[in-house]
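Please work through the following exercises on strand pairing with the sequence and coordinates at hand. Each task is followed by a worked solution.

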Amino acid sequence: MTGARILSVENLSVAYEDAGGSYNILDDVSFTLRKGEILGIVGESGSGKSMTCRALMRLLPSSRLRETGGAVRLEDGRDVLGLSQDELSEVRGRRIGMIFQNPASHLDPVMSIGRQIAESIRYHRKLGRTEAWAQMLDILRQVGIPDPESRANAYTHEFSGGMRQRAMIAVALACDPDILIADEPTTALDVTVQAQILRLLQQLRDERGLSIIFITHDLGVVYQLCDTVAVMYAGRLCEYGPKHEVIHHPRHHYTAGLVACQPSSEGGTGLVPTIPGQPPSPRDMPMGCRFHPRCGAADALCAARQPPLEESQPGHSCACHHPADLVAEAEA
Amino acid sequence: MNRYRFVLYRPIQLIPVLVGISVITFVLVRSIPGDPARVLLGPRTTESALARVREQFGLDEPLWLQYFYFVKNLFKGELGKSILYKVDVLKLIATRIEPTLVLVIGSVLLALLIATPMAAIAARRRGSWADHLIRIISTAGLGFPAFWLAIMLILLFSVQLGWFPVTGYGRTFWDKVHHMTLPCLTTGLALAAVLTRNLRASMLAELQSDQATAARARGLPETFVFWRHVVPNSLVPTVNLLAVNIGWLISGSVVIETVFAIPGMGQLLVRGIFTRDYMVVQGVAMVFACATVLVNFLADILTVTIDPRVKL
Ligand SMILES: Nc1ncnc2c1ncn2[C@@H]1O[C@H](COP(=O)(O)OP(=O)(O)OP(=O)(O)O)[C@@H](O)[C@H]1O
Ligand code: SF4
Ligand SMILES: [Mg+2]
């Protein structure tokens, strides 16, 4: 990961507001993405992974949600949160592309795949019909769709799950963005197809220098695919660093719990432990460390003060008053 | 293109439908109290004259035999002879079909022309004063009977302002357009009310849909997303709605042609009923029934064309 910084998210916060008041959904989320890097964002359902990506694309799912602070800096220093509609339209598609968990609902069912790709090319690059069509065939080939000339005229419902996800990747890559945001793109696929899609993403990174933000529940996938990991809990980042560091030496107790929950992790008892308790609702976040009601190492300090995200080793930061690796050392 | 194969066998499936319709119209028409021969000859006539007319039109035969002749004529492409006008019903209909066609097609076009931009404005500015106004107008429009609206339009545009003729059809093309504007507006507005509400709802759903979000994520501007991805998807249910309403439009044309004195098939039907002209009534009813069936068939073809998922 020696590439240049291509995106930095700085203290991004999102709040939900309605007549009954307002509460934060995302709090102070910060990370950076370098050229050719694959960053994994993991966390339980509802921890704010999708919201983070939606916020940095300015695609929040409801008018009640608002970016309340922070910045999303592009390579050239511009802040996505401050862009005009025209600039935003250029950034989406040409700089940042996005793919989703359910390609069937995220593709237009009444427009052929080829036309959906060609449409973006024509709009962004101001190309004619024939040139756009030729480029579109090229992209279909690159994402591994066989026989692109005839598949281009097919509709979403005529593709299998894996091919549909490839088609959505092709649509997102139509205008050659530098960054691809992938929100759980393989969760709905079976294992073999999932492996194919992961290989495709890796290949796109290697060949095009694409940077990828990959959202998943699955630490195994992170281990296989990513360079860095950000762990989210209840709308905050709790640990962030290189993959090996975070997975082999988790410092936050939530990360440690996630690692222990992985069925493939060593130990091999066949019994998968779970983290007891439920994640909090954004409507009533606990004081102090948001994980303290579920944390075995919690004390009065944890309940009273929110731990800041601090860099303990170069590139590896963690928000915990009593980091797990230190606790383990003390016990040893 | 095997998704269009239904075009070949659907007409075969329609045969039982048409048989059913022919039986029902035949029986219904004959259940209107009164005697066509008496209506034709007036109150002061002789029994023998009545018998002659009945014999001439086969009205003295048993009912099943009359139905047999009716069907036999249908196969020859005839609808029988009008008792009152003494001409082929088919010829009679041919002279009356144009105004009705103009009325129905014109109403649908006007309704689409009014409803699409109204629904678009309401859906894209949801909650704005424009949205509220459009919703109030379209809800109110659902409650107005067509004939009441027709009378109001006549009072305003014909009587007060003198912009449009009160009644009639006209001869030259522009003359006809001039005459048919108010009638088409009457049914068009009522239909536009239904369409606007329906289109607005499906546009709102499509604006929130995943595929629209994904289109925005590709950097396509909102107007582009709306017209290329939201509108085509929201039109799918609208085609069905239009097909369902075609029966209502045809029956509405009977009322509108009466109010505006338009020499169309609706007027022919009403006169046929008053004069007990069985042949005319069952002929027009058959044509109306076939038209409804045909429109639904066309709507199916249109649905298959705009929605690639549909298989019939
Ligand atoms: N439209 C919305 N309006 C208000 N709150 C929302 C909305 N969508 C999501 N949220 C809330 O935002 C928080 C974060 O949700 P988000 O979808 O980002 O979770 P996630 O980490 O992506 O979970 P999953 O793994 O289930 O996709 C949740 O608490 C959720 O309740
Ligand atoms: S801050 Fe305290 S409660 Fe939170 S993870 Fe660390 S030890 Fe546990
Ligand atoms: Mg999500």
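The exercises below concern a predicted model.

**Exercise 1.** Determine in which sense strands E1 and E2 of chain A pair, and through how many residues the hairpin joins them.

*Solution.*
Step 1. Locate E1(A) at residues 5-18 and E2(A) at residues 21-34.
Step 2. Ten bridges link these two strands, and the pairing is antiparallel.
Step 3. The hairpin that leads from E1(A) to E2(A) does so through two residues.
Step 4. Individual bridges can then be assigned: Ser8(A) has Thr32(A) as its partner in E2(A), and Ala15(A) has Asn24(A) in E2(A).

**Exercise 2.** Identify the residue of E4(A) that stands opposite Ser8(A).

*Solution.*
Step 1. Strand E4 of chain A covers residues 65-74 and is joined to E1(A) by eight bridges.
Step 2. These two strands run antiparallel.
Step 3. Opposite Ser8(A) in E4(A) stands Arg73(A).
Step 4. Ser8(A) is thus placed between Thr32(A) of E2(A) and Arg73(A) of E4(A).

**Exercise 3.** Establish the strand order of the sheet in chain A and explain why one side of E2 and of E4 is left without a neighbour.

*Solution.*
Step 1. The three strands form an open sheet in the order E2-E1-E4 of chain A, with antiparallel pairing.
Step 2. E2 and E4 of chain A are at the edges and have a single partner strand each, so one side of each lacks a neighbour in the sheet.
Step 3. On average, neighbouring strands of this sheet are turned by 5° against each other, direction ignored.

Key: Residues are numbered from 1 along each chain as its sequence is written. Chains are lettered from A and ligands numbered from 1 in the order in which they are written. This is a predicted model: local features need pLDDT of at least 70, side-chain atom pairs count only at pLDDT 80 or more; totals for chains, interfaces and linings use all residues. Side-chain values use heavy atoms; hydrogens and water are left out. Two strands pair if DSSP finds at least two bridges between them. Helices (H or I, at least four residues) and strands (E, at least two) are DSSP runs, numbered from the N terminus. Axes are lines fitted to C-alpha atoms, for helices over the stretch in contact, and angles run from 0 to 180 degrees between N-to-C directions.
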